[in-house]
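Colleague: Hey, I'm new to this one. Could you walk me through it?
Modeller: Sure, let me put it up first.

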Amino acid sequence: MANLFAQIPDSLQQEVFNDLVCARHVRIERILSHGQSSPETGWYDQDEHEWVLVLSGFGVLEFEDGREVRLEAGDYLNIPAHCKHKVQQTSPDEVTVWLAVFYRD
């Protein structure tokens with residue numbers, strides 16, 4: 001047994017990525033952010049689809065087409081494979097806990 005909220009530090013110098021499940025067609029990952037964002041240049045351009053849920057804190061995703069989506073605790077979003085995106089902002093006041101499910105057709 002494990003807990004998604006276990007071993008969360010009060011502050012983070014960089015994001016923390018933990019694989020929770022890895023299988024042939026699916027990977028489930030916990031991501032911890034605390035004020036971090038993606039680099040100014042470059043986009044995530046993944047071969048897998050990504051379903052992402054914010055469990056605490058908030059995150060703002062920016063998409064290549066100019067859209068911005070703010071996800072608060074409980075909000076989730078499905079990002080199709082090769083939909084270029086990046087993290088524009090995460091909560092500076094608390095650790096943002098993300099649950100990301102990467103999957104293939």
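Modeller: One bit of wording before we start: a charge sits over a ring if NZ of Lys or CZ of Arg is within 6 Å of the ring centre and within 35 degrees of the ring normal. Also, this is a predicted model.
Colleague: Okay, so which ring does the charged end of Arg27 sit over?
Modeller: That would be the ring of Phe102, with the charged end 4.1 Å from the ring's centre. Lys86 has its charged end over the ring of Trp43, 4.3 Å from the centre.
Colleague: And what stands opposite Phe102 in the sheet?
Modeller: Glu50 does, with Phe102 sitting in β8. Strands β3 (residues 49-56) and β8 (residues 96-103) run antiparallel and are joined by seven bridges.
Colleague: What's the strand order in that five-stranded sheet?
Modeller: The order is β1-β2-β8-β3-β6, an open sheet with antiparallel pairing. The edges are β1 (16-22) and β6 (76-79); each has a single partner strand, so one side of each has no neighbour in the sheet. From one strand to the next, the twist averages 20°.
Colleague: Let's stay with β6. Which of its side chains are buried?
Modeller: Leu77 and Ile79, which point to one face. Tyr76 and Asn78 point to the other face and are not buried. In general, side chains in a regular strand alternate between the two faces of the sheet.
Colleague: How many bridges pair β6 with β3?
Modeller: Four, in the antiparallel sense. Across that pairing, Trp51 stands opposite Asn78 of β6.
Colleague: New topic: how many aromatic pairs are there?
Modeller: The count is one. Trp51 and Tyr76 make a tilted pair, 5.3 Å centre to centre with 40° between the planes. The two residues are 25 apart in the chain, Trp51 in strand β3 and Tyr76 in strand β6.
Colleague: Why is Tyr76 called exposed?
Modeller: Because its relative accessible area is 56%, and the cut-off for exposed is over 50%. Trp51 comes out as partly exposed, at 25%.
Colleague: What about the sheet of three strands, what's its order?
Modeller: β5-β4-β7, again open and antiparallel. β5 (68-72) and β7 (85-90) are at the edges with a single partner strand each, so each has one side without a neighbour in the sheet. On average, neighbouring strands there are turned by 25° against each other, direction ignored.
Colleague: How many bridges join β4 to β5?
Modeller: Five, with β4 covering residues 58-63 and the two strands running antiparallel. One residue to look at is Leu61, whose bridge partner in β5 is Val69.

Definitions and conventions. Residues are numbered from 1 along each chain as its sequence is written. This is a predicted model: local features need pLDDT of at least 70, side-chain atom pairs count only at pLDDT 80 or more; totals for chains, interfaces and linings use all residues. Side-chain values use heavy atoms; hydrogens and water are left out. Two strands pair if DSSP finds at least two bridges between them. Axes are lines fitted to C-alpha atoms, for helices over the stretch in contact, and angles run from 0 to 180 degrees between N-to-C directions. Rings of Phe, Tyr and Trp (its six-membered ring) pair if their centres lie within 6.5 Å; planes under 30 degrees apart count as stacked, over 60 as edge-to-face and the rest as tilted. Buried means under 20% relative accessible area, exposed over 50%, partly exposed in between (1.4 Å probe, protein chains only).
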